[in-house]
Amino acid sequence: MRNLENHPGIKMGGQNINNLRYADDTVLIAENKVDLQKLLNIVEEESRKKGLELNSKKTEVMVISRKQESTKCDIFINKVKLKQTEKFKYLVTIISNDGKTNREISARTAQAKINFQKMKTILTNKHISIETRKRALQRYIEPVLMYGCEAWTISKQIQNKLEATEMWLLRRMLRIPWTVKKTNERVLNEANKRRSMVRTIRKRQATFLGHMMRRGKLEHLVTTGKFEGKRSRGRQREKIMDGLATWLGPGKVSDILAAKDRDLWGDMIANAYKQGA
């Protein structure tokens, strides 16, 4: 991998990034297919010198773009064309070719509902106190839904979907049929609960942001650095930092010095969570 250091990838905050590695999983990154093919050729050649062979069936190509139609990208290993995909799982998280997290959130929502059904006999048992069932919901179902939420971009549409899922779980836990027209406020009062899922996600994102700022590694660079090149036309996509700025308060998320102060940053997060923004 050291032979890749001087080859072009993408420029972020003035730093060249052409690969990401975690254990035996490797991602090669380039701005165009010519550079990507060169990176792959180097990895393939150096691997062969060490008696290793790249598995073309387990290696896929993805073009991440804002365009509706996917750009064709033909990449080869030993004259074998690699499969181009629109999504794949990396470290148990779905990566999509549109660069959004909508598919991952939808998959997490579906998995949480499946897990709820598996624990239905406990979560809907009226002989168990509501407080105990709420704790079971919080410990066994919500972590499935919110896994990896630190990297989610939560638009208004996604927020509505998450809040709807939260109410879906509560209504079924209280055994309220869909034919009974109870408002969400009545359901929350009956469960002696307030909405907390989106607030919890924002809290986890802000906490993770503090870790990144204090650590000062690649995550810090990707979050705060700027891509080289021109901005695309039209309305820009909402970023994680935009959502946190609204949640924490005007100007607070941009104060990197505050994030570096663990105690101060913790107080800001606790205050925002308490206010329930």
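I take contact to mean heavy atoms within 4.5 Å, and I take helices (H or I, at least four residues) and strands (E, at least two) as DSSP runs numbered from the N terminus.

**Entry 1: ground rules and overview.** I am working with a predicted model, in which local features need pLDDT of at least 70 and side-chain atom pairs count only at pLDDT 80 or more, while totals for chains, interfaces and linings use all residues. Residues are numbered from 1 along each chain as its sequence is written, and side-chain values use heavy atoms, with hydrogens and water left out.

I looked up the whole chain and found 11 helices and 10 strands, with a C-alpha trace that spans about 65 × 45 × 40 Å along its principal axes. Of the 277 residues, 34% count as buried, where buried means under 20% relative accessible area, exposed means over 50%, and partly exposed lies in between (1.4 Å probe, protein chains only). Among the contacts with a separation of 6 or more, 59% come from residues 24 or more positions apart.

**Entry 2: the annotated segment.** I noted that UniProt, in an unreviewed entry, places the feature "domain: Reverse transcriptase" at residues 1-95; such annotations may be inferred rather than shown by experiment. Over residues 1-95 I read 18% helix and 31% strand, with the end C-alpha atoms 23 Å apart.

**Entry 3: α7 against α9.** Two packed helices are described by the angle between their axes and the distance between the axes. The axes are lines fitted to C-alpha atoms, for helices over the stretch in contact, and the angles run from 0 to 180 degrees between N-to-C directions. I class angles under 35 degrees as roughly parallel, over 145 as roughly antiparallel, 65 to 115 as roughly perpendicular and the rest as oblique.

For helix α7 (residues 197-215) and helix α9 (residues 240-248) I found an angle of about 110°, with the axes 10 Å apart. That makes α7 roughly perpendicular to α9. The crossing of α7 and α9 is left-handed, the near helix being turned anticlockwise from the far one by less than a right angle, whereas a clockwise turn would count as right-handed. On the α7 side I listed R199, R202, K203, Q205, A206 and L209, which meet I240, M241, G243, L244 and W247 in α9. The residues of this contact divide into 6 nonpolar, 2 polar and 3 charged, with Ala, Val, Leu, Ile, Met, Phe, Trp, Tyr, Cys and Pro counted as nonpolar, Asp, Glu, Lys and Arg as charged, and the others, Gly among them, as polar.

**Entry 4: R202 within α7.** I then asked whether R202 is buried or exposed. R202, which is found in helix α7, is buried, with a relative accessible area of 6%. Leaving aside neighbours within four places in sequence, R202 is in contact with I154, G243, L244 and W247. The C-alpha atoms of R202 and I240 are separated by 9.5 Å, and these residues are 38 apart along the chain.

**Entry 5: α7 against α11.** I next looked up α7 with helix α11 (residues 262-275), which pack at an angle of about 170° with their axes 10 Å apart. That makes α7 roughly antiparallel to α11. I recorded the crossing of α7 and α11 as right-handed. In α7, residues R199, T200, K203, A206, T207, L209, G210, H211 and R214 meet R262, W265, I269 and Y273 of α11, and by class the contact has 5 nonpolar, 4 polar and 4 charged residues.

**Entry 6: α4 against α5.** For helix α4 (residues 130-145) and helix α5 (residues 156-173) the axes come within 11 Å and cross at roughly 140°. The two helices α4 and α5 are therefore oblique to each other, and I noted a right-handed crossing of α4 and α5. The contact is made by I130, R133, K134, L137, I141 and L145 of α4 with L162, T165, L169 and M173 of α5, and I sorted these into 7 nonpolar, 1 polar and 2 charged residues.

**Entry 7: positive phi values.** I looked up N78, in the loop between β6 (76-77) and β7 (80-81), and found a phi near 50°, positive in a residue other than glycine. N78 is exposed, at a relative accessible area of 51%. N192, in the loop between α6 (184-190) and α7, is not a glycine but has a positive phi of about 55°. N192 is exposed too, with a relative accessible area of 57%.
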